[in-house]
Every structure is written in C-alpha cells, then in structure tokens.
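Ready for some practice in reading a protein structure? Take a look at the sequence and the model below, then work through the exercises at your own pace.

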Amino acid sequence: ETLTARLNSNRSLQGAHAAIVDFSGAVIAESDSDSVHAPPLPSPEQVRNHFGEEPRFVQVRGGAAVVAPLHAPDIYFVMSWRPEQPIWRAWSALAVSVAAPVLIWLFAIGAGWFAIEVYVTRPLSNLEAAARAYARGEDLPESAALLAAPDEIRSLRRTLAAMAKTLRGREQRLVEALAEERALLREVHHRVKNNLQMVASLLNIQARGAPDESEARGLSRAHDRVQLLALVHQGIYSSGAVRALHVDELSADIARTLMQSRGLQAHDVRFHLAPVRADADRAAPLAFLIGEAISAALDQMGEASALSLHLQQDDGGEVRFAVDVNGEIAGEASPQSIRLIDAFARQLGAKLGRDASRPSCVWVVVPPAP
C-alpha cells in the first residue's frame, strides 16, 4: 500500500499508469488505474525485452510506455501514458464541448418553431382566411390543414361552421321578411294611390257637374291636389324605395298632370331638372310645394306663355327650385295657393323668395334633412 500511494502521488502525467516490476516482469506494486484515460502497461514479455541500464521506450495500445531500472537487474519502473494531443485536436474538443449545447438549443428552438408553425400558426391562418371568406359572403371552405390541426383548433372550426350555418339561416329569414315587408309596403302605397285616384275621379265628376264656376274651380283644385298626392304614392311603390325618391321625375309628372288638367299641352313647359333625391317623409311636402308653385304659375299663364321649372340639388343635400312664366301674364295666383306655398315652405324650413316685378316667379331653397 505504501508503494501504491507513492506511485499515485508521483505521477506527473495526467492519465499515466505506473508500476514496479521484478526481473520476470511481474508487477510488485501498481498505481490506481484510470480505465478511461490511461493505456495499459506493457506485457511482462515486453518489459523483459526492454530491460537495460538506461530507460527504454515501448509502444503499447493507445499510447506509449517506458521501462526504467530502479535496482538493476532485479527491480524496474514501468509507466504508460497517452500521447499528448495536437493543439488543433484540443481546440476541436473545446469547440465541440461549447458548440454542442448551442446546437442542441438551436435545434430545440427550430423544432418548437416548426411545431408551432405546423400545428398552430397555419391552422389559425387558415381559420382566419375561412372567416374572412364567410364575411365576404362565401361559404365556409374546407381545408386539409384544418383537418390535421390540433383538436382545439378543429373544435373552434366546427364552432365557427355552426355559427356560420346559424347566421346564414337567420340572414335568409331576415331577407325573406324584408322582402315580404317591402312587398307589403308597395302594396299599401299602391292601394293608397288607387284610392286617391278614385277620390280624384269623384272630385272631377263633381266639378264637372257643379252649377257654379267658383265651386267647380275649387273642386278642380281639390282634384289636382289629390292627384298630386297619388303621384307621390305611385313614385314610392313603382321604385320600391322610401329613402331615395326621385323628386326630379316626380316634379315633371306633377307639371304634366297639372297642365293636362288645365287643358295645356306638354310643349308649354320647359324643364331644367337635375337629379334630386329625398326620402318619403320630405318628398310629400316638397312635392306639394312644387305642385302649388306650378299651380300658382299656371293661374297666371296667358295663351302664348310657357312654364319654366328649374330644380337642382348640391352635394350637401340642399334643394333649389324655381317656377316662372315666360311670356304674357294673364291672371293672378290663387290666394289659397299662396297660403299653401308659405305653409309647406315653413314645414320644410325652406327659404322662400318672390320677385315683385315678376309676380309669377317663385324660388325656394330647401335645406337638407337634419
């Protein structure tokens, strides 16, 4: 044990393996062996072949060994060691020892990114694309990436599909209900228009049979106003819209109807009409305002005169129109028409103007709807 301890303490080379042998090569004492780093000692035959007065070297498996005399020819010292590695191999080992954890870390990051990309990001992107397609009105598409997605995302896709199906059904029912309401609304306006035309016809018949001229004139004006209201309802049910009634077309129909009731020809009116739109709530008083202004102008027209109607609407929704008689002035406007013009202008919050030198000229500025 003392020799073994001395051998262990006197090894100067890392991983060296030392021993003391006798003249036959048998080991008398041996240092503790590091089976990982130290190469084996020479065999007894190799030791005997290298006995001498001077140390002699011998190659062994995995390294080199030396046989040196301690007390020749009876006792010898034998030590084996691994050859010193080149500097590049040492640096290579150091680089591998440092790079291995980094490579493992990078590999783990890459594997995690790949798993997230394949099993989370792509399915979610496909699910988002499917939701956008449904928002554009398309059917919810099937996707192979979603079919291979995790259970949670596939469950979310099934929930989205169920919601889309439910919304489609509700949307279809709303469309059907809206179509029914529109059809019913058009039918109501159509029936109101027919009833008003019936009332207008009765007033016309009564006006023709009136014994007094003033009574006949009053009944005729009542007929014109009922007919005008019937034209408004006709414009609503024929277009099917209650938010964008074509006031320019309605104004032309009103002018032709009033002129026809007075026995005038269509070429006696000059239209300067730009596109004008209004909802039904404002279209009715606006139509009455235009109709009464035309009626007042027709009361003042002579045989060689012509009616001029200007109508336009700016980008802000303000409506401007003017009614005038070009030519001879043969009469006066009815006081009732003047009062009605003022009343409808106040109802619409419109600015009303008249020219003292031209009593047949009326211009109106109607502000946009609030």
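The exercises below deal with a predicted model, and each comes with a worked solution.

**Exercise 1. Work out the order of the five strands in the open sheet, and find the edge strands.**

Solution. Start with the order, which is 7-9-10-12-11, with mixed pairing. Next, look for strands that pair on one side only: these are strand 7 (269-273) and strand 11 (351-355), the edge strands. Finally, follow the twist, which averages 10 degrees from one strand to the next.

**Exercise 2. Describe how strand 11 is joined to strand 12.**

Solution. Strand 12 covers residues 358-366, and five bridges join strand 11 to it. The two strands run antiparallel. To pick out one pair of partners, take R354: its bridge partner in strand 12 is V362.

**Exercise 3. Find which strands are touched by helix 8 and which by helix 9.**

Solution. Begin with helix 8 (residues 280-300), which packs on the sheet and touches strand 9 (306-313), strand 10 (319-326) and strand 12. The direction of helix 8 makes about 15 degrees with that of strand 10. Now turn to helix 9 (residues 335-348), which also packs on the sheet, touching strand 11 and strand 12. Here the angle between the directions of helix 9 and strand 11 is about 145 degrees.

**Exercise 4. Check the length of helix 8 and say how much of it is buried.**

Solution. Helix 8 has 21 residues, and at 1.5 Å a residue it should span 30 Å. Its end C-alpha atoms are 30 Å apart, which agrees. As for burial, 20 of the 21 residues of helix 8 are buried. One more detail belongs to the start of helix 8: a side-chain oxygen of D279 comes within 3.0 Å of the backbone nitrogen of R282.

**Exercise 5. Describe the two aromatic pairs found in a search of the whole structure.**

Solution. A pair of aromatic rings is described by the distance of the centres and the angle of the planes. For F51 and Y76, the ring centres are 3.8 Å apart and the planes lie at 10 degrees, so this pair is stacked. F51 sits in the loop between helix 2 (44-49) and strand 3 (56-60), while Y76 belongs to strand 5 (residues 75-81), 25 residues apart. Buried means under 20% relative accessible area, so F51 at 19% counts as buried. Y76 is buried too, at 4%.

The other pair is F288 with F344, stacked at 5.3 Å centre to centre with 15 degrees between the planes. Because F288 lies in helix 8 and F344 in helix 9, this pair ties together parts that are 56 residues apart in sequence. Both F288 and F344 are buried.

Terms used
Residues are numbered from 1 along each chain as its sequence is written. This is a predicted model: local features need pLDDT of at least 70, side-chain atom pairs count only at pLDDT 80 or more; totals for chains, interfaces and linings use all residues. Side-chain values use heavy atoms; hydrogens and water are left out. Two strands pair if DSSP finds at least two bridges between them. Helices (H or I, at least four residues) and strands (E, at least two) are DSSP runs, numbered from the N terminus. Axes are lines fitted to C-alpha atoms, for helices over the stretch in contact, and angles run from 0 to 180 degrees between N-to-C directions. Contact means heavy atoms within 4.5 Å. Rings of Phe, Tyr and Trp (its six-membered ring) pair if their centres lie within 6.5 Å; planes under 30 degrees apart count as stacked, over 60 as edge-to-face and the rest as tilted. Buried means under 20% relative accessible area, exposed over 50%, partly exposed in between (1.4 Å probe, protein chains only). The expected span of a helix is 1.5 Å times one less than its number of residues. A polar contact is a pair of N or O atoms within 3.5 Å; within protein, one must be able to donate a hydrogen and the other to accept it, and residues adjacent in sequence count only if both atoms are side-chain atoms.
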